[in-house]
Amino acid sequence: MNTQRLLVPTLRSASAATLAASGYIHAQLYVDQYRFIHIIGPLFLLQASASFALAALLLMGTPPLLLRAAAAGVALGALAGFTASRTVGVFGFTEHGLQPAPQALLSLLTETGTLLLLAIWQMTVTTQHRAARAPVRTPSWDRATTRTPPN
């Protein structure tokens, strides 16, 4: 069986799974701890909702580039929020280290995994499109038919 035919569906499913896992972690944190934190709580709920929706859309078939970019944007946004909350703070909210454990570490792993899978998927799609195109032929110049400009 052709491995190229299996690669894209596998990457699509794996990307959707890591995105949904990240959404689940954020939904769990929202329900357990973060729903009472001003602005941060609703952002956790928004991230979870967007992750679940994008995971479902990814599973529906080979999505356009815009959908894959949106999935990458959600993962990047979650990583940026994680980093900001541990450095400069987000809306006055700060955390330290990998707390709450184990959700912080699991979230980092799933979001990084989502980005890696989407990058591999994009490279695979780009390679397939290049292979499907007809090769570009360079023009061959015939000196006998080429006119030289007058001096």
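Helices here are DSSP runs of H or I with at least four residues, numbered from the N terminus. With that in hand, the predicted model can be walked through helix by helix, starting with its largest pocket. α1, α2, α3 and α4 each put at least two residues into the lining of that pocket. The biggest share comes from α3, which brings eight residues. The space inside comes to about 410 Å³. In total 23 residues line the pocket, and H26, F44, A78, G81 and F82 sit closest to its centre. Sorted by class, the lining is made up of 13 nonpolar, eight polar and two charged residues.

Next comes the nonpolar packing. The largest nonpolar core has 15 residues, and the ones touching the most other members are L19, L54, L58, A71, L118 and W121. Four helices each feed at least two residues into this core: α1 (3-32), α2 (40-59), α3 (65-86) and α4 (103-132). Another core, of seven residues, lies apart from the largest one, and Y34, F44, V90 and F93 are among its members. F44 therefore turns up twice, once in this seven-residue core and once among the residues closest to the centre of the largest pocket.

L58 gives a closer look at how the largest core is put together. Setting aside neighbours within four places in sequence, L58 is in contact with R12, S15, A16, L19, P63, L67, R68, A71 and W121. Three of these partners, L19, A71 and W121, are also on the list of core residues that touch the most other members.

L79 is another residue worth a stop. It lies in helix α3, and it counts as buried because its relative accessibility is 17%, where the cut-off is under 20%. Outside its neighbours within four places in sequence, L79 is in contact with L108, E111, T112 and L115. For one of these partners, T112, the C-alpha atom is 8.0 Å from that of L79, although the two residues are 33 apart along the chain.

As for charged pairs, the structure holds one salt bridge. The side chains of E95 and R86 form it, with an N to O distance of 2.9 Å. Is this pair buried or exposed? E95 is buried, since its relative accessibility is 13%. R86 has a relative accessible area of 18%, so R86 is buried as well.

Definitions and conventions
Residues numbered from 1 in each chain as written. Predicted model: local features only at pLDDT ≥ 70, side-chain atom pairs only at ≥ 80, totals over all residues. Heavy atoms only, no water. Salt bridge = Lys/Arg side-chain N within 4 Å of Asp/Glu carboxyl O. Buried < 20%, exposed > 50% of the residue type's maximum accessible area, 1.4 Å probe, protein only. Core = buried A, V, L, I, M, F, W, Y, C linked by side-chain atoms within 4.5 Å. Contact = heavy atoms within 4.5 Å. 1 Å grid on protein atoms, 1.4 Å probe; cavity = no way out; pocket = protein on both sides within 12 Å on 5 of 7 lines; lining within 4 Å. Points joined across faces, edges and corners; volume = space filled by probe spheres on them. Nonpolar A, V, L, I, M, F, W, Y, C, P; charged D, E, K, R; others polar.
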